[in-house]
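Biologist: Please take a close look at one part of this model, the largest cavity. I would like to know what lines it and what packs around that lining.

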Amino acid sequence: MHALKLDWNPLTGIDIVGNFKLHFYSLMWVTAFILGWYIIKRIYTKEKVNLEYLDPLFIYVVLATMFGARIGHVLFYQAELIKEDFFSIFLPFSFKNGIEFTGFQGLASHGAAIGIILGMYLYRRKYNYKSVLWLLDRIVIPVASGAVFIRIGNFINSEIIGKTSGDFPLGVRFIQDYYNKYEAVRLTGIKNVKEAYNKIANTPELLEAVPYRHAAQLYESFCYIFVFLILLYFYAKTPKRDQTGFLFGLFLVLLWTIRFFVEFVKEAQVDDRATWALNTGQWLSIPFVLIGLYFMFVYKPKTPVV
């Protein structure tokens with residue numbers, strides 16, 4: 001019995017021309033980056049850092065995030081794309097059923113984290129001010145805020161869904177996940193995908209087959225709000241801001257601990273639960289938590305930060 005039930009059959013984007021659609025998921029990424037730019041600008045202004053460094057920093061972060069997230073997803077979760085649809089790894093199109101604009105569907109947060117760390121290393125080599133850890137200690141604040149919007153985007157897309165919710169009082173039926181668009185067209189006989197999904201949503205026998213699931217994306221998004229607020233508090237209100245690596249470590253511990261536990265109510269992105277007690281996302285999260293603890297409690301900088 002679900003006290004709060006939701007049949008989720010959203011409009012996921014706006015049709016522009018042909019197969020090209022402006023996806024709301026993409027707008028969530030844009031929102032995350034714009035808000036992140038504003039936050040880091042406030043930080044640079046507060047600490048009297050030359051704002052000329054800001055725009056190249058933004059470019060490095062955007063490219064590192066997107067490239068790392070995409071490559072990470074392919075390597076960790078969808079390696080078959082290397083053989084089956086290679087160019088879709090680097091382009092926002094699928095070539096399996098003709099040419100279809102999809103946006104970059106399939107972005108791994110673990111890959112994004114690695115990409116940002118490498119991106120800050122490369123940025124620091126070109127723009128020689130402060131240190132890599134000084135940058136990471138501040139970058140993680142807007143990254144945490146951005147994570148809130150990315151998970152909302154996942155919810156809009158009916159992706160990274162939760163496991164069936166059983167007797168849990170909250171439940172969402174992800175219609176567009178259960179019936180892919182080709183199946184929706186076949187079952188309803190309606191060629192327009194949006195109209196086909198609307199038909200399914202109003203057909204009791206088709207809707208009844210869709211199970212209620214945990215809104216794992218929203219669970220994560222809600223928790224990430226607190227990650228952002230905690231980081232902001234430690235940065236603005238405590239001397240931990242000046243402990244090199246502490247905020248970076250705190251971010252790693254908080255975010256990946258949340259990810260580890262949310263994975264228990266999330267469908268595995270690859271079918272690995274049969275052989276391992278934990279899924280891929282959980283195994284990948286553990287090293288980040290350990291690295292975070294190291295930077296919080298063990299790491300001592302060799303030279304003073306300038």
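**The largest cavity and its surroundings**

Modeller: The lining of the largest cavity counts 36 residues, and those nearest its centre are T65, A112, I116, V143 and A147. A cavity here is a set of points, on a 1 Å grid over the protein atoms alone, where a 1.4 Å probe fits but cannot get out, and lining residues have an atom within 4 Å of a point. This is a predicted model, in which local features need pLDDT of at least 70 and side-chain atom pairs count only at pLDDT 80 or more, while totals for chains, interfaces and linings use all residues. Residues are numbered from 1 along each chain as its sequence is written, and side-chain values use heavy atoms, with hydrogens and water left out.

Three cavities of 30 Å³ or more turn up in the whole structure, and the largest has a volume of about 580 Å³. Its lining is made of 30 nonpolar residues, five polar and one charged. At least two lining residues come from each of helix 1 (24-46), helix 2, helix 4, helix 5 and helix 11; helices are DSSP runs of H or I, at least four residues long, numbered from the N terminus. Helix 5 gives the largest share, ten residues.

Helix 4 (residues 109-126) deserves a separate look. Its 18 residues should span 26 Å at 1.5 Å a residue, and this agrees with its end C-alpha atoms, which are 26 Å apart; the expected span is 1.5 Å times one less than the number of residues. Among its buried residues (under 20% relative accessible area, 1.4 Å probe, protein chains only) are A112, I116, M120 and Y123. An α-helix has 3.6 residues a turn, so residues three or four places apart point the same way. The cover over the buried residues of helix 4 includes helix 2 (54-77), helix 5 (132-156), helix 11 (246-262) and helix 12 (280-297).

M120 appears again in the largest nonpolar core, where Y44, L57, M120, L231 and F251 touch the most other members out of 44 residues. Helices 1, 2, 4, 5, 10 (216-237), 11 and 12 give two or more residues to this core, with the largest share, eleven residues, from helix 11. Such a core is a set of buried Ala, Val, Leu, Ile, Met, Phe, Trp, Tyr and Cys residues joined through side-chain atoms within 4.5 Å.

F251 links the two topics. Neighbours within four places in sequence aside, F251 is in contact (heavy atoms within 4.5 Å) with V140, V143, A144, V227, L231 and W256. V143 is also one of the residues nearest the centre of the largest cavity.

Technical notes. Buried < 20%, exposed > 50% of the residue type's maximum accessible area, 1.4 Å probe, protein only. 1 Å grid on protein atoms, 1.4 Å probe; cavity = no way out; pocket = protein on both sides within 12 Å on 5 of 7 lines; lining within 4 Å. Points joined across faces, edges and corners; volume = space filled by probe spheres on them. Nonpolar A, V, L, I, M, F, W, Y, C, P; charged D, E, K, R; others polar.
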